[in-house]
Amino acid sequence: MASHTQLGLIIFEFSRKSQTKLSTQKLHSFVTKSKLARDPFFATQLVRFYALNDDLVSARKLFDVFPERSVFLWNSVIRAFAKAHQFSTAFSLFSQMLSSATRPDNFTYACLARGCSESFDTEGLRCIHGIAIVSGLGFDQICGSAIVKAYSKAGLTFEASKLFLSIPDPDVALWNAMISGYGCSGFWDKGVNLFNLMQHRGHVPNCYTMVALTTCLIDPSSLLIARSVHGFCLKINLDTHAYVGCALVNLYSRCRCIASACSVYNTISGPDLVACSSLITGYSRCGNHKEALYLFNEMRMSGKKPDCVLVAIVLGSCAELSDSVYGKEVHGYVIRLGLEFDIKVCSALIDMYSKCGVLDYAMNLFAGIPEKNIVSFNSVILGLGLHGFASSAFEKFTEMLEMGLKPDEVTFAALLSTCCHSGLLNEGQEIFERMKSEFGVEPQTEHYVYVVKLMGMAGKLEEAFEFVMSLRKPIDSGILGALLSYCEVHENTQLAEVVAENILENGEERRSVYKVMLSNVYARYGRWDDVERLRDGITESSEGKLPGISWF
DNA sequence: TTAGGGTTAG
């Protein structure tokens, strides 16, 4: 017969490695009969095991009757509830702990900080940090890394870096937390600098570091650094690590470099749902929708079950392809999986059906949503607008406001798109103004593009040009490109040249596209020398090819 | 005498 300790360790190892949910019933009856649960170490492991198997009732039952509650047992039960997002129970347990004989330790605060972060409780987080300081744990590495991470996730990067800098000789986990913190706050350069600094201070980056570093790099402008990060991972043999591999797939897909994303994916042994989802998302993001659907199908065949977000992305690909046949198939699959009532899935279905021209399906789905939210309203407004039902789209907008929902940037993009589809210049300009003044939503590139399109469609090119030039520099090439396309439509060569010049000054990586647009304008007027000059420029340039750089 | 923090996507 195994000793309590041995059995506890076996369960601990088992719960760490177990990939499948197991019945806790048999274990529970065995444990009760053998009175093993009286062993403090064993009890702690059992609580963790129950939690891993989503059996919080048994975890709580065991905890409640256990006489000697060690700090490990307290932490395990608090962690179990916090991880299950039952934050009020986790915090009430902490409150009970404070009045017990057991003092919270660094792990307790680390766990609570994470709980605050996941429940978006910034005040609670500050409070936990304060209590940790009072308890003499203000410079603790474990507590510190959790609080740094939580502050960063709450957008309080200053607080996070202040805490990080105050801790003498931070360990690798703390460096990782701060690199990731900078990454999730958009300070990619600070994250990369910290990565270099940690090595300078003699710390060896691990898999967590590399994952954290990839989160700093978010768009195609980071491709050169992304390649270096990949090279570094290859050098330290971490490129095939499950999480690092996934992070690299995501990184390359954010950089719109789907070929590299694909080649990293192919090196991952036994890609899991996250790896698969990452590549499907990458395909979808890069406009390779057919590949996205193909991989989704393969994933389904292999028995992996997608989650709501992946289903929504795949439906987005169906919408882009106007493939209502496959979209309906996915709809059926969604029903079989029991995901049809998820608001994200439902909104994606509305979007898919309306983009595939089946508006009545979309409207029926919308009508059936019991608790409509901003996402579902945005989808239906966009759908109505696409089909030219501008007044119905605006009615939905009013309905949404009456329900007390706050419109976001997507709502206004949908309304402006509606105006474009119906050629409603005045209404478009009016909603654009209200967006800023009444609702405090800051316009983004796509909103400006819609306004330019509205003016362009109405032939008001000079007005559109003035509008564009009044924007903060540098002006996004997408906005200038929209104006250029209407210069082409209205055959305004003079303005087209000025606009094109502005675009080319931006050093825009898609400059070939704009050069072709300008050359089309020249061609219309028979300016063949200019056409040839531009076309030569396109073939001579080395766009798309990137020189390699290396950190080693 | 063991355990607990810090990972990945949309």
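Which residues are closest to DNA strand B? They are Asn75, Arg79, Asp105, Lys149 and Ala173, and 35 residues surround the strand in total.

## Basis of the model

This is a predicted model, in which local features need pLDDT of at least 70, side-chain atom pairs count only at pLDDT 80 or more, and totals for chains, interfaces and linings use all residues. Residues are numbered from 1 along each chain as its sequence is written, chains are lettered from A and ligands numbered from 1 in the order in which they are written, and side-chain values use heavy atoms, with hydrogens and water left out.

## The surface near DNA strand B

A residue is near the strand if one of its heavy atoms lies within 4 Å of it. The surface is surrounded by 35 such residues on the protein side. Of the strand atoms that come within 4 Å of the protein, sugar and phosphate account for 39%. By class, the surface holds 16 nonpolar, 10 polar and nine charged residues. Here Ala, Val, Leu, Ile, Met, Phe, Trp, Tyr, Cys and Pro count as nonpolar, Asp, Glu, Lys and Arg as charged, and the others, Gly among them, as polar.

Helix α17 (residues 273-285) gives the most to this surface, with five residues. Helices are DSSP runs of H or I with at least four residues, strands are runs of E with at least two, and both are numbered from the N terminus.

## Contacts to bases and phosphates

A polar contact is a pair of N or O atoms within 3.5 Å; within protein, one must be able to donate a hydrogen and the other to accept it, and residues adjacent in sequence count only if both atoms are side-chain atoms. Asn75 makes such a contact to a base: a polar side-chain atom lies 2.4 Å from a base nitrogen of DNA strand B.

Two arginines reach phosphate oxygens of the strand. For Arg114, the distance from a polar side-chain atom is 2.8 Å. For Arg285, an N or O atom of the side chain is 2.9 Å away.

## The second largest pocket

This pocket holds about 670 Å³ of space. Its lining has 22 residues; Asp351, Lys355, Val375, Ser379 and Val410 are the closest to its centre. A pocket is found on a 1 Å grid over the protein atoms alone: it is an open set of points where a 1.4 Å probe fits, with protein on both sides within 12 Å along at least five of seven lines, and lining residues have an atom within 4 Å of a point. Grid points are joined across faces, edges and corners, and the volume is the space filled by probe spheres set on them.

Helices α19 (308-320), α21 (343-355), α23 (374-386), α25 (409-422) and α27 (445-457) each supply at least two lining residues. The lining divides into 10 nonpolar, six polar and six charged residues.

## Annotated repeats

An unreviewed UniProt entry lists "repeat: PPR" at residues 70-104, 171-205, 272-306, 373-407 and 408-438. The positions are given in the numbering used here, feature names are shortened, and annotations may be inferred rather than shown by experiment.

Two of these spans can be described in the model. Residues 70-104 are 71% helix and 0% strand, with end C-alpha atoms 10 Å apart. Residues 373-407 are 74% helix and 0% strand, and their end C-alpha atoms also lie 10 Å apart.

## Helix positions and a buried loop residue

Leu223 lies in helix α14, as does Arg227 (helix residues 223-235). Leu223 counts as buried because its relative accessibility is 9%; buried means under 20% relative accessible area, exposed over 50% and partly exposed in between (1.4 Å probe, protein chains only). Arg227, at 31%, is partly exposed. Leu223 and Tyr252 are 29 residues apart in sequence, yet 7.6 Å apart C-alpha to C-alpha. Arg227 and Leu248 are 21 residues apart in sequence and 9.5 Å apart by C-alpha atoms.

Asn53 sits in the loop between α3 (40-52) and α4 (56-65). Asn53 is buried because its relative accessibility is 11%. Its side chain reaches the backbone oxygen of Phe49 at 2.9 Å.

## Backbone exceptions

Most residues other than glycine have a negative phi, and most peptide bonds are trans. His85 has a positive phi of about 65° and lies in the loop between α5 (71-83) and α6 (87-98). Glu491 has a positive phi of about 55° and lies in the loop between α29 and α30 (493-505).

A cis peptide bond joins Lys473 and Pro474, with omega about -5°. Pro474 is in the loop between α28 (461-469) and α29 (477-489).
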